[in-house]
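Here are three short exercises to work through with the model open beside you. Try each one before reading its solution.

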Amino acid sequence: MPWYAVEALDDAIEATKELLLPVEVRAWLKLSIIVLFLGGTSISPPTGGKNYQLSGEFGGPFPDIPISMDTLITFTVAIVAVAILLWVVFAGVGSLMEFAFVESLRSQDVHVRPYLRRYFGQGLRLFGFRLVLFTLVLLPIVGFLLVFIPSILDGSSSLALGALFLFLPVVVVLGLFVGLVDGLTTNFVVPVMVLRGGGVVAGWRTFWPTLRREWKQYGVYVLLRFALSIAAGIAVSIVGGILSFVALIPFAIVAVGLYMTAGFPVPPAIVSNTPLLVSFGLVALLYILLLVFAFAVIRVPVQTYLRYFALLVLGDTNHELDLIPELREEVR
């Protein structure tokens, strides 16, 4: 019995070449924009506003750093809220971009705005589905924090360790399950939605019989996809690291020039020198933005290959769900 995922390894390379070569700058820039977004029982102590002291041991004194329970909880909640907000923004835009990416690969005609308008409703449904998956993982993490942090501050090390051993395996198993469901949804259900229309549930209903019938084929796909992700991650990190160092040189020269212009101030003087501090901040911000976009450009061929890899497997396991029949015939 042929393993479709194994056969698709080389074919995905040829399909990637068909889309990306010869290089068209506008197409790469559009794909870079798309790829950029493709990356809860509460136990509270009865001490209210009592001040707690942090130290290297549970419950031990450290009189120089008093932290109230209310302050720590507020700070933690603020960090979590900001992280969730950023995730919502990127997940929302990313859900829309999934359809723009698949349609660009299917038609080999790269666009962003037209595809976003066409698949806006389905993108929102995908985002809602991902939000449910995210909540499934978030709730036990929140529950763990509500137990762990008060236990640490109250000196109840046994309760804190008990909570750790209780919640850690749950979060790991749940995280693996959610990751698998999200991966299958992204790589196979989204193409089904593009082909057949409808929402995520309808896409899963269409895809499920194929997954159940060809579970061995998809098992091999998951293993190969995991290995490919590791290899791709290493490659992107190496290339990105080299690029980061090269790109740092002109920004470092500018920063040194600003430092010399300011008269070589000592670090405390830099903090008090608002114009210089703002200038350093702008240089750092521009460097970070450049790196973010550069990494997106680097990831274009990687993401294109991985997604074509999935589309080839999907079409091999069910010809009725093949989004790229003509391209498949051409590369084979």
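Buried means under 20% relative accessible area, exposed means over 50%, and partly exposed lies in between (1.4 Å probe, protein chains only). The model is predicted, so local features need pLDDT of at least 70 and side-chain atom pairs pLDDT 80 or more, while totals for chains, interfaces and linings use all residues. Residues are numbered from 1 along each chain as its sequence is written, and side-chain values use heavy atoms, leaving out hydrogens and water.

**Exercise 1.** Classify Ser 32 as buried or exposed, and list its contacts.

*Solution.* Start with helix H2 (residues 25-37), where Ser 32 lies; helices are DSSP runs of H or I with at least four residues, numbered from the N terminus. Next, Ser 32 has 1% relative accessibility, so it counts as buried. Finally, setting aside neighbours within four places in sequence, Ser 32 touches Phe 293, Ala 296, Val 297 and Val 300, where contact means heavy atoms within 4.5 Å.

**Exercise 2.** Which class does Val 246 fall into?

*Solution.* First find Val 246 in helix H8 (residues 215-261). Its relative accessibility is 48%, so Val 246 counts as partly exposed.

**Exercise 3.** Which helix gives the most to the largest nonpolar core?

*Solution.* A nonpolar core joins buried Ala, Val, Leu, Ile, Met, Phe, Trp, Tyr and Cys residues through side-chain atoms within 4.5 Å. The largest has 58 residues, and Phe 188 and Trp 204 are among those with the most contacts inside it. Helix H10 (residues 274-317) gives the most to this core, with ten residues. A second, separate core of five residues includes Ala 247 and Tyr 287.

Terms used
Helices (H or I, at least four residues) and strands (E, at least two) are DSSP runs, numbered from the N terminus.
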